[in-house]
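Here is a walk through one protein chain, from its overall make-up down to single side chains. Have a look at the fold first, then read on.

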Amino acid sequence: MGATQDEQLHPIISARNIGGIDETEVTLASGVTALAGRNATNRTSLLQALMAALGSDRASLKADADEGTATLELGDETYTRTLTREDGAVATSGDPYLDDPELADLFAFLLESNEARQAVVRGDDLRDLIMRPIDTDRIQAEIEQLESEKRSLDERLDELDALSRRLPELEERRTRLESELGEKRAELADKEAEIEDADADLDETRAEKEALEEKLDELRDVRSQLEDARFDIDTEKESLEALRSEAAELQDALDDTDDVAERDVDGLDDEIRQLRDRKRQVDSTMSELQSVIQFNEEMLEGSSQDVADALQGDGESGSASDDAITDQLVDDAETVVCWTCGSEVDREKIEATLDRLRTLRREKRSERNEIGAEIDDVQAEKRTVEEARQEREEVTRRLDQLDAEIEDRETRLAELRTTRDELADEIDVLEADVEALEQGDYSDILDLHREANQLEVEIGRIEDDLEDVEAEIADVEDELATREDVEAERERVQEELTELRTRVDQIEAQAVEQFNEHMATVLDLLDYENLDRIWIERTEREVREGRRTVSKTVFTLHIVRSTESGATYEDTIDHLSESEREVTGLVFALAGYLVHDVYEEVPFILLDSLEAIDADRIAALVDYFDEYADHLVAALLVEDAAALDDEYERVTEI
């Protein structure tokens, strides 16, 4: 971390019509650059210009200008940003250093209005701020998709388990059929031998024998057909029973989806549109509040020199009276000159108004979060309705298919029963014909032929059954051969699920660990009296989000003090001094900077509005923060800059 590829670079920042700057160019150091000067000397404006060139939208255009530019030369690369006033608003264009400045705005550009600093000072939800750059909605969508894949793979493994349990049954049946087939073939061979012996003893005419054998063959064929018809009838009955059972189950499932599927999707769409409109209105209000708050904070900081000049009574620049009015605007006096009417106003009243605006902004942020949760709930309800409708359509289509198949099989069953009856009648006729051909000794051979005929029918049926079983065994073995691939895929999905589920938790844990570690080190460096420890604890809390009550992680800030006698007690952020609050906010921002690897995105940390901290502690903080960025630029008062290490660069003219 710290200075790496940019450690030998000397960035050059040029600005025109940014903040209170007319035009300037400043060369920064490869490490620490202190912008040293009194209030209202464009130090904050230069930081804003640097932020703009890096990609931030939190820079203001000079009040009397329609266009401003910020240019950053970093090594062989040049990054530019143009601010243009259009219809009362300021638009930006150009080619800045960052495509997305969110991380830098939150954790690298640490001006007084920085959200991370202000969140600590105001006691806001620190967890929401540290997790803001994480697209938790996308992570949740990926989790749901992977959970669906895992369920499918689990079902597939259950199917393979069932097949694995069925395989021994099939193999046992195959063995039984092979044994039975061997026995029947042996019986048939014996029976044919008996027939051959009986034929040798008979002295009938060839014609009579052929006629009898022809009738016996015909009888055997018809009996075989009858057996086949009976088997087909049994099969059709089983199939019909299975189809009717499936149809009954699907009808129950269809009835279960009716209530959900009949919900009005258009009504849900209207509700979503209304909620989104409300959210846009709240976003617009928050944006307006942010602009108002930022402007007023800049005025209190004294960074808007143009407004100060406009309030000068004689209209001349550079006079002693100008400096006096400017001092009234920006110094930490009891009163300041109002930048809207020019009258003197108590600073406390302006700061109280700012506090109310910040409170309103927090309320609007909370309202926006609640609306967002409601949108998620209604969208989830809509998805449930649409899935129910799709399921109902699929079930209805399947029911129609089943009805058609049941009708076809009922027709087929009726035809088979008719065929069976016709074959039974034909057998009766053939048996009568055979009996008519019987003469004395022929009755024994006739019985032998009938028995051989029955054995051949049974052998044919066993062969068919054996063929079916062997085919089923082959299919099962092919299916079971896929188990290793299915298990590997399930393991991959499970690993991805675990990684996604723990990603948010890991970031939260890292943020808390980084804050607590750095806070302990900084407190030790700065040596605040009776302030023993400031630390964050992760806790779970039940909160309302839209229509749901959910468990949410929160960061609870603890402050531990000690008395002169050595006893310790827990205090609140409200009781910290302004210096202690500012240091805590800066360390929290540093924790976010490290957790989100912001140093990989932007090689700068910018510091401003450190006046509440004494010079020696500012110097210690600058030394500490310098370890984590290639370029640290700090706007300091002259007396505070004097406390820094002599090797650090100073810029006194902007």
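What follows goes from the whole chain to a sheet, the cores, a hairpin, one serine and the salt bridges.

**The chain as a whole**

Keep in mind that this is a predicted model. The chain has 15 helices and 15 strands. Of its 654 residues, 42% count as buried. If you take the contacts with a separation of 6 or more, 73% of them come from residues 24 or more positions apart.

**An open parallel sheet**

Let's start with a sheet of five strands. It is open, its pairing is parallel, and the order is β7-β13-β14-β3-β15. The edges belong to β7 (109-110) and β15 (649-651); each has a single partner strand, so one side of each goes without a neighbour in the sheet.

Inside the sheet, β3 (residues 32-36) and β14 (residues 631-636) run parallel and are joined by five bridges. One residue to pick out there is Val32, whose bridge partner in β14 is Leu632. Then there's helix α14 (residues 615-626), which lies across β3, β7, β13 (604-607) and β14. Relative to β14, helix α14 runs at about 160°.

**The nonpolar cores**

Which residues have the most contacts inside the largest nonpolar core? They are Tyr593 and Phe604, in a core of 120 residues. Helix α12 gives the most to this core, namely 13 residues. Leaving out residues up to four places away in sequence, Tyr593 touches Phe107, Ala108, Val598, Tyr599, Val602, Phe604, Ile605, Tyr628 and Ala629. Another core, of 12 residues, lies apart from the largest one; Leu240, Ala247, Leu250 and Leu416 are among them.

**A hairpin**

For a change from parallel pairing, look at β5 (residues 77-86) and β6 (residues 89-95): they run antiparallel and are joined by seven bridges. Thr84 stands opposite Ala91 in β6. The two strands β5 and β6 make a hairpin with two residues between them. One turn residue, Asp87, has a positive phi of about 55°.

**A serine in β1**

Ser14 sits in strand β1 (residues 12-16). Is Ser14 buried or exposed? Its relative accessibility is 16%, so it counts as buried; the cut-off for that is under 20%. The side chain of Ser14 has a polar contact of 3.3 Å with that of Glu25. Besides Glu25, Ser14 touches Thr24, Thr69, Ala70 and Thr71, again not counting residues up to four places away in sequence.

**Salt bridges**

How many salt bridges does the structure hold? The count is 51. As background, side chains of opposite charge can pair when their charged atoms come close. Three of these pairs are set out here:

| Pair | N to O distance |
|---|---|
| Asp154 and Arg490 | 2.5 Å |
| Arg461 and Glu227 | 3.7 Å |
| Glu508 and Arg538 | 2.9 Å |

Take the salt bridge between Asp154 and Arg490. This pair links distant parts of the chain, with Asp154 in helix α5 (residues 136-201) and Arg490 in helix α12 (residues 483-526), 336 residues apart. Asp154 is partly exposed at 22% relative accessibility, and Arg490 is partly exposed too, at 25%.

Next comes the salt bridge of Arg461 with Glu227. Arg461 belongs to helix α11 (residues 442-480) and Glu227 to helix α6 (residues 206-261), so this pair ties together parts that are 234 residues apart in sequence. Arg461 has a relative accessible area of 33% and is partly exposed; Glu227, at 24%, counts as partly exposed as well.

The third pair is Glu508 with Arg538. Glu508 is in helix α12 and Arg538 in strand β10 (residues 531-545), 30 residues apart. Their surroundings are worth a check: Glu508 is buried, at a relative accessible area of 2%, whereas Arg538 is partly exposed, at 29%. The pair also belongs to a network: salt bridges with shared partners join Arg127, Asp128, Asp505, Glu508 and Arg538.

Conventions:
Residues numbered from 1 in each chain as written. Predicted model: local features only at pLDDT ≥ 70, side-chain atom pairs only at ≥ 80, totals over all residues. Heavy atoms only, no water. Pairing = 2+ DSSP bridges. Helix = DSSP H or I, 4+ residues; strand = E, 2+ residues; numbered from the N terminus. Contact = heavy atoms within 4.5 Å. Axes fitted to C-alpha atoms, helices over the stretch in contact; angles between N-to-C directions. Salt bridge = Lys/Arg side-chain N within 4 Å of Asp/Glu carboxyl O. Buried < 20%, exposed > 50% of the residue type's maximum accessible area, 1.4 Å probe, protein only. Polar contact = N/O pair within 3.5 Å; in protein donor to acceptor, adjacent residues only side chain to side chain. Core = buried A, V, L, I, M, F, W, Y, C linked by side-chain atoms within 4.5 Å.
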